[in-house]
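Please find below my notes on the model, set out as numbered points. They take up the cysteines, a central strand, the nonpolar cores and one annotated site.

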Amino acid sequence: MASVPSTPLLKDELDIVIPTIRNLDFLEMWRPYFQPYHLIIVQDGDPSRTIKVPEGFDYELYNRNDINRILGPKASCISFKDSACRCFGYMVSKKKYIFTIDDDCFVAKDPSGKEINALAQHIKNLLCPSTPFFFNTLYDPYREGADFVRGYPFSLREGAPTAVSHGLWLNIPDYDAPTQLVKPLERNTRFVDAVLTIPKGTLFPMCGMNLAFDRELIGPAMYFGLMGDGQPIGRYDDMWAGWCTKVICDHLGLGVKTGLPYIWHSKASNPFVNLKKEYNGIFWQEELIPFFQSATLTKDCTTVQKCYIELSKQVKAKLGKVDPYFNKLADAMVTWIEAWDELNPASSSSTTTPAPAEVPNGPPAKGK
C-alpha cells in the first residue's frame, strides 16, 4: 500500500526569500525540500536581465523596477547591488515565517552522509521555546534526549517564544576579509550537533545566508540596512540586522537560537573585493558593538516598530558622531518602518508585547 505523503510543516505559513543576480540552478538540489513552499526572489543588479528559475517552483520575482514601483520614494531604504536587497522580500511577504538562503548555498550532509533538510530544522527551532534568561548546559532542553539540568529554575522552564533561528555552514566559513586573506584554504569541517539559545544581553554576528525568523514576532527589525551601491560600506547588512534584532528581542522577552541546521557554503567571495566593502565597517564595529551593548529601550517600546524607531533615534544621536553615514542610516530605518507599515497595515507584528525590561532575569511570573 502506497504511503500518503505528509504535508510539509508550515507549508502555507512560510516564505523562502532568495536574493540573486544569477540563474537559480541551485534550486534543483533543494527541490525535495523547497518545492512545496512559496519563494520570493529579489533580483539585484540590472533589472533588464532575465533570471531563470527551474520549472515547478511556486515563486514571485521582484527586480529594482518593481521595488521602485511598489515603494515609490520609500524605495530608497532598500539597498542596491548588495544582498541586503533581500529584506524587501520580508516586507512583501504575507506569511508568518521567513527562511532566507543565498544562491551559493547547497544541501549539506551530516557525518553519517545523510542530507540535511535545513528548512525542517529551522522550523523545529522556531516552533519550540528559547531559554534566553538562564543558560542550560545541555544546550536546547526541549530537544529529544535532553532536559533542564539540576539547578535550572522551574519558574523559567516554560521558556520564551523563539523569534530567530540562525543556522551555520560547512565548507567555506563566514569570515571577514582579513581572516580570509590569512586563512585562504581554511574550511569548516566540524559538524556540531547542537542548538543553543543566545543569552539575554549577549550580541552575536548574524549571518543572513542560512537564517529563519518569525516575521510576526520580529519582522520589522530585520532591516538589512543601507549597503552596497552608493554607500560607504557593504557586507555588514546581516550584522546590522542581527544587532538591532537582538537588542529588541532582549527587550521584548523573545529568544534567538543558533547552531543547527548546516548548509554547504560552496564558494568563497573575493577577499580583496570584500576588504574594500568591509573597510569602514572593520573600524566602525569597534564603536557599534559598545553602542548596541549599552542600548536600552523604554517601557513605552511595546512593539517591534516602536523599539526600532527608538533605536533609530539613538543611532542618530550617538553614532552620527562616528560618521555622517549613520545619520543617513537612521533616516532609512524610519523609512523602512513606514514602508513596512504601509505594506502590512494590519500586521500582527504590531501586536503589543509586554516588555520585561524591569525584570533582569526573565519575564514577570504569571499571576503577579
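1. A disulfide is taken here as a pair of cysteine sulfur atoms within 2.5 Å, and the coordinates to which this cut-off is applied are those of a predicted model. By that rule the count of disulfides comes to zero.

2. Two cysteines illustrate this result. The sulfur of Cys307 lies 4.8 Å from the closest cysteine sulfur, that of Cys301, and because this is too far for a bond the pair is not counted. For Cys128 the closest cysteine sulfur belongs to Cys249, at 15 Å, which is likewise too far for a bond. With a relative accessibility of 0%, Cys307 counts as buried; Cys128, at 19%, also counts as buried, given that the term applies under 20% relative accessible area.

3. Strand β8, which spans residues 210-214, is mostly covered, five of its five residues being buried. The cover extends to both faces, with Asn210, Ala212 and Asp214 buried on one side and Leu211 and Phe213 buried on the other.

4. The pairing of β8 deserves to be read together with that burial. Strand β4 (residues 97-101) runs antiparallel to β8 and is joined to it by five bridges, and within this pairing Ile98 has Phe213 as its bridge partner. Strand β6 is also antiparallel to β8, with three bridges between them, and here Ser165 is partnered with Ala212.

5. The largest nonpolar core contains 68 residues, of which Ile218, Tyr223, Trp240, Ile248, Tyr308 and Trp336 touch the most other members. Helix α10 (residues 325-343) supplies the largest share of this core, namely eleven residues. Apart from this core lies another, of 30 residues, which includes Leu10, Trp30, Ile101 and Cys207.

6. Which residues does Trp240 touch, once those up to four places away in sequence are not counted? The contacts are with Tyr223, Gly225, Leu288, Phe292, Tyr308, Val315, Leu319, Phe326, Leu329 and Met333. Of these, Tyr223 and Tyr308 are themselves listed with Trp240 among the core residues that touch the most other members.

7. One annotation should be cited with its origin: an unreviewed UniProt entry places the feature "glycosylation site" at Arg150, and such annotations may be inferred rather than shown by experiment. In the model, Arg150 is found in the loop between α4 (118-127) and β6 (162-171). Its relative accessibility is 84%, so Arg150 counts as exposed.

Terms used. Residues numbered from 1 in each chain as written. Predicted model: local features only at pLDDT ≥ 70, side-chain atom pairs only at ≥ 80, totals over all residues. Heavy atoms only, no water. Core = buried A, V, L, I, M, F, W, Y, C linked by side-chain atoms within 4.5 Å. Buried < 20%, exposed > 50% of the residue type's maximum accessible area, 1.4 Å probe, protein only. Helix = DSSP H or I, 4+ residues; strand = E, 2+ residues; numbered from the N terminus. Contact = heavy atoms within 4.5 Å. Pairing = 2+ DSSP bridges.
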